[in-house]
Amino acid sequence: MFNSDAIAYIPLFSTAVVALLIFVFLAIIKARNTAKVSFLSFLSLAVIIFGCVYTALHPGMSLFSTMLLIAAAIIIPYVIMLAFGKPKPKELKEQTEESLKKPEIIVEELPPEQINLVEKGRAFSLLAADTFGKKEGMQSLLDTINKTCMDVTGADGGAVLLVDDFEDSINVKSFAGDFPPPYKLPSDMPHKPLRVSTSFKFANFPLRDNIFGEVASSGKAELITQPLKDSRIFQNGPEDFLKLGSFIFVPIQLRDKGIVIGLIALSKNAGTEVFTQQHLDWTLTLVSFAETALKTAYSFMEYSDRHEISKESEVAATLQNTLLPKKIPPLSGVNLGVFTEHTEGVCSDIYDIIPARQDRVSFVLMDVAGKGTNSFLVMSMLRAMIRLVVNTPQSAGTILSWANREICSEINFDHFASTALINFNPVKKTIQASAAGTTPILLYSSQKGNIEKKSVSCEPLGVEKTTSYRDIQFTVSQGDIIITYTDGLVEALNSTGKQYSTERLASVIKENCKLSGKEIASLVKTDIKKFIGSESLHDDQTLLLIKIQ
């Protein structure tokens, strides 16, 4: 017969089993530390399990109810504390979640000597800023780099050498302490400490056949502890101050360009402790900071130089325009065509028109080599000389010869000028001219329909003081055109690298020979612009046409 009282105990045993399972799972969670588990949870479950089992074995609901109340009394305060306690900050939670995603990063503290090197290296960069506004800023930076490397390594002597690309040499720029020269001294130099150190302080070396040049050329640092066994090192004498100890040579590079700009050289005297690998490593670290500082200084110097050149060019261009005729005077027997295109920063071309006398009108075209204010000074001097002498009866060749002697006497100037001087006699319709350098004089003959070169090749003004310039004389008739121009015009390049050429210039003039000189010059200017397109000019361009009426 079915016993209903026995069935009533099944929920008690089931509750006990479920509570036991929960107890076991909480124990596993606690052991694996996958989440925090309170001791009160274990205690309340133990009370429930005990109450269920004891009630099933000793019938009586009062004991079971008491055990449930005890379990509730244990767990309820814990639940209330979690529900109404201080909430966990959201940022802390997000940080905790983020820390679970990111791998752990271990930061090692730098050793004291490395911290010291970093601080000294930072000082280089700060000092580099002084090169911006101080005349001796670069020298101060080099001296500081040298002294710092000496202090850190305990060197007895140190030098900073910089490469001179133009001279293909490396030159001492900073020198301090006792540095026995590792190169062969001149045979006539007395072996005196002051003489040797002074010579080294201002020395320059080729980029070969010596340790400085070879390190700069190879770009490889060198630690030399036994210099007498190194074929690149030379022992100069038995004197104590010349005896060799140990050396460190570290190249200074602009690493983004892969260019060696100099090197640090350090020495220790003979009889002292030699340099070690650690000393070399310290020097390499300091040099890496020095490279950054020097790059900053060089960048500013380049900017400053470009700025100064730009300012000089602007001044020269303004002055150059003051030498050009403001207005072409009315001239008897001719009409003129002229244009000039100045290139930024060049300042080389000018023309002049001088109604000297009734029987002479002088036309001058000048192309001065070089750029900037120096070119302007040369052209202004020559212009003044020619303007002064054309009022005399002297011929064109004599005038250029005199101007050449004067400009060659100015030893401070090394610029020269290609010049065409054309004297026109409107009464006799004759031309007396002379040319120096690359500025030609051409004649378009209206009768023959061709263009003939009248000038001959010779040296520019300012090259040789004894040069004598020839006179060119010929008669002109109505419709003839005298042509002179600077080489920047016919050497203008298009996008394919092709020059405009004298032949193309001649073709435009012949095709439009019936027009006025002004109209022909305008057509030439248009044709050149069409030819070069968007390409920039690299030299001034000037054209002067004298059409006989």
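**Exercise 1. Place Asp352 in the fold, decide whether Asp352 is buried or exposed, and find its side-chain partner.**

Start with the address: Asp352 sits in strand 8. Keep in mind that this is a predicted model.

Next, check the cover. Asp352 has a relative accessibility of 3%. Buried means under 20%, so Asp352 counts as buried.

Now look for a polar partner. The Asp352 side chain makes a polar contact with the side chain of Arg387, at 2.7 Å.

Finally, fill in the surroundings. Setting aside neighbours within four places in sequence, Asp352 is in contact with Pro325, Ser362, Phe363, Val364, Arg383 and Arg387.

**Exercise 2. Work out the strand order of the five-stranded open sheet and name its edge strands.**

Line up the strands: the order is 8-9-10-11-14, and the pairing is antiparallel.

Then pick out the edges. Strand 8 (349-357) and strand 14 (472-475) each pair on one side only. From one strand to the next, the twist averages 15°.

Walk through the pairings. Strand 9 and strand 10 run antiparallel and are joined by eight bridges, with Ser418 in strand 10 as the bridge partner of Asp367. Strand 10 and strand 11 share seven bridges, also antiparallel, and here Thr419 stands opposite Ala436 of strand 11. Strand 11 (residues 430-436) then meets strand 14 through four bridges; Ala433 has Ile472 as its bridge partner there.

Don't skip the turn: strands 10 and 11 form a hairpin with four residues between them, and Lys429 in that turn has a positive phi of about 55°.

Last, see what packs on the sheet. Helix 12 (residues 396-409) does, touching strand 9 (360-368), strand 10 (417-425) and strand 11. The helix direction makes about 25° with that of strand 11.

**Exercise 3. Sort the residues of strand 10 by the way they point, and say how many are buried.**

Recall the rule first: side chains in a regular strand alternate between the two faces of the sheet.

Now sort. Ala417, Thr419, Leu421, Asn423 and Asn425 point one way, while Ser418, Ala420, Ile422 and Phe424 point the other way.

Then count: nine of the nine residues in strand 10 are buried.

**Exercise 4. Find the residues that touch the most other members of the largest nonpolar core, and the helix that gives this core its largest share.**

Begin with the well-connected members. In this core of 49 residues, they are Phe363, Met366, Leu382, Ile482 and Ile546.

Next comes the helix: helix 11 (residues 372-389) supplies seven residues, the largest share.

Zoom in on Met366. Beyond four places in sequence, its contacts include Ile350, Met379, Leu382, Ile386 and Ala417.

One more thing to spot is a second, separate core of 27 residues, with Cys149, Met150, Val160 and Ile252 among them.

**Exercise 5. Describe what happens at the start of helix 9, along it and just after it.**

At the start, a side-chain oxygen of Asn210 comes to within 3.2 Å of the backbone nitrogen of Phe212.

Along helix 9 (residues 211-218), the buried residues include Ile211, Phe212, Gly213, Val215 and Ala216.

After the helix comes Gly219, with a positive phi near 70°.

**Exercise 6. Give the helix and strand counts for the chain, and the share of buried residues.**

The protein chain has 15 helices and 16 strands. Of its 549 residues, 42% are buried.

Terms used: Residues are numbered from 1 along each chain as its sequence is written. This is a predicted model: local features need pLDDT of at least 70, side-chain atom pairs count only at pLDDT 80 or more; totals for chains, interfaces and linings use all residues. Side-chain values use heavy atoms; hydrogens and water are left out. Helices (H or I, at least four residues) and strands (E, at least two) are DSSP runs, numbered from the N terminus. Buried means under 20% relative accessible area, exposed over 50%, partly exposed in between (1.4 Å probe, protein chains only). Two strands pair if DSSP finds at least two bridges between them. Axes are lines fitted to C-alpha atoms, for helices over the stretch in contact, and angles run from 0 to 180 degrees between N-to-C directions. Contact means heavy atoms within 4.5 Å. A polar contact is a pair of N or O atoms within 3.5 Å; within protein, one must be able to donate a hydrogen and the other to accept it, and residues adjacent in sequence count only if both atoms are side-chain atoms. A nonpolar core is a set of buried Ala, Val, Leu, Ile, Met, Phe, Trp, Tyr and Cys residues joined through side-chain atoms within 4.5 Å.
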